[in-house]
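Subject: Structure handover and findings

Hello,

Here is the structure for you to look over. My notes on it follow below.

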Amino acid sequence: MATWNSLKTSKCSPQKLTRRRTLALAGGAGLAATLNPAPGALANEAEVIDARVDLALARLYREIPGSEALAARASAVLVMPSVVKGGFIVGGTYGEGALRFKDTEGAYTETVEYYSVAAASVGFQAGIQETSHALFFLSEEALARFRRTDGWEVGADAEVTALDRAVNLDLNSTVFKRPVVALVFAGSGLLVGASLEGAKYSRIVR
């Protein structure tokens, strides 16, 4: 293991130091651009977001038992079809999705607003992970508060129950008594131990 003296006396040319510093700054700039995209850089047009939401909902209903029963009892659903997590040392997540109400047939086809989700976390998080999630609003009060709060944050503005296993939702299920229920899923299905704590949602124009 290198000691302070060995580091102090090691020969390292200014050219090497400059190159290392340049690479470090470039890496930091790349991460910053990923987590804090310039306007339009990660922006998806409304049609693209809606198409991805349609696919995410279909996959959710197909792969996670009980999700359709949850949707049937909810007032609205916020779907984030693609949330990317990445970073090195300091990481973060970002995604865009849509808030939908039911149509006359009870299906979530009507987009009323578009939202982004962002969160930051500290720790060693090499690599990038992509997930999807849906927030089901089972309380009209919780839904109203979500829509009027700019930068609505899980844990600060509302408690969100994240289900990490398939549940048998019958008419007496205690899940229906929670104001907001989340399902977080990826290629392997429902994510075990998933948490949205600290995730912040903001309305966007698309």
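Strands here are DSSP runs of E with at least two residues, numbered from the N terminus. The model is predicted. Keep that in mind as you read.

**Two charged residues in β2**

Start with strand β2, which spans residues 90-101. Glutamate 96 lies in this strand. Is glutamate 96 buried or exposed? With a relative accessibility of 5%, glutamate 96 counts as buried, because the cut-off for buried is under 20%. Its side chain has polar partners. One is the side chain of tyrosine 94, in a polar contact of 2.8 Å. Another is the side chain of arginine 206, also at 2.8 Å.

Arginine 100 is in β2 too. Its relative accessibility is 2%, so arginine 100 counts as buried. Which side chain makes a polar contact of 2.6 Å with arginine 100? That of aspartate 54 does. Leaving out residues up to four places away in sequence, arginine 100 touches a list of residues that includes Asp50, Val53, Asp54 and Leu57. Ala76 and Val77 are also among them. So are Tyr108, Thr109, Glu110 and Thr111.

**The nonpolar cores**

The largest nonpolar core holds 26 residues. Leu60, Leu70, Val79, Phe136 and Leu183 have the most contacts inside it. Which elements give two or more residues to this core? They are α3 (46-63), α4 (67-73), β1 (76-88), β4 (128-137) and β7 (180-186). Helix α3 supplies the largest share, six residues.

Take leucine 60 as a place to look. Leucine 60 touches Ser67, Ala134, Phe136, Leu183 and Phe185, with residues up to four places away in sequence not counted. There is also a second, separate core, of 25 residues. Met80, Leu99, Trp152 and Ala182 are among its members.

**Strand β7 and its neighbours**

Strand β7 is largely enclosed by the rest of the structure, because seven of its seven residues are buried. Both of its faces are covered. On one side sit Val180, Ala182, Val184 and Ala186, all buried. On the other side sit Val181, Leu183 and Phe185, buried as well. The general rule applies to any regular strand: side chains alternate between the two faces of the sheet.

Now the pairing. Strand β6 (residues 161-163) runs parallel to β7, and three bridges join them. Alanine 162 stands opposite alanine 182 in β7. Strand β8 (residues 189-190) runs antiparallel to β7, with two bridges between them. Here the bridge partner of alanine 186 is glycine 189 in β8. β7 and β8 form a hairpin, with two residues between the strands.

**Helix α5**

Last, helix α5, residues 140-148. Ala142, Leu143 and Phe146 are buried in this helix. Why are they on the same side of α5? They cover an arc of only 100 degrees around the axis, which puts them there. The face turned away from the buried side carries Glu140, Glu141 and Arg148, which are exposed. At the start of α5, a side-chain oxygen of serine 139 comes to within 3.2 Å of the backbone nitrogen of glutamate 141.

That is the set of findings.

Best regards

Key: Residues numbered from 1 in each chain as written. Predicted model: local features only at pLDDT ≥ 70, side-chain atom pairs only at ≥ 80, totals over all residues. Heavy atoms only, no water. Buried < 20%, exposed > 50% of the residue type's maximum accessible area, 1.4 Å probe, protein only. Helix = DSSP H or I, 4+ residues; strand = E, 2+ residues; numbered from the N terminus. Arc of directions from axis to C-beta. Polar contact = N/O pair within 3.5 Å; in protein donor to acceptor, adjacent residues only side chain to side chain. Core = buried A, V, L, I, M, F, W, Y, C linked by side-chain atoms within 4.5 Å. Contact = heavy atoms within 4.5 Å. Pairing = 2+ DSSP bridges.
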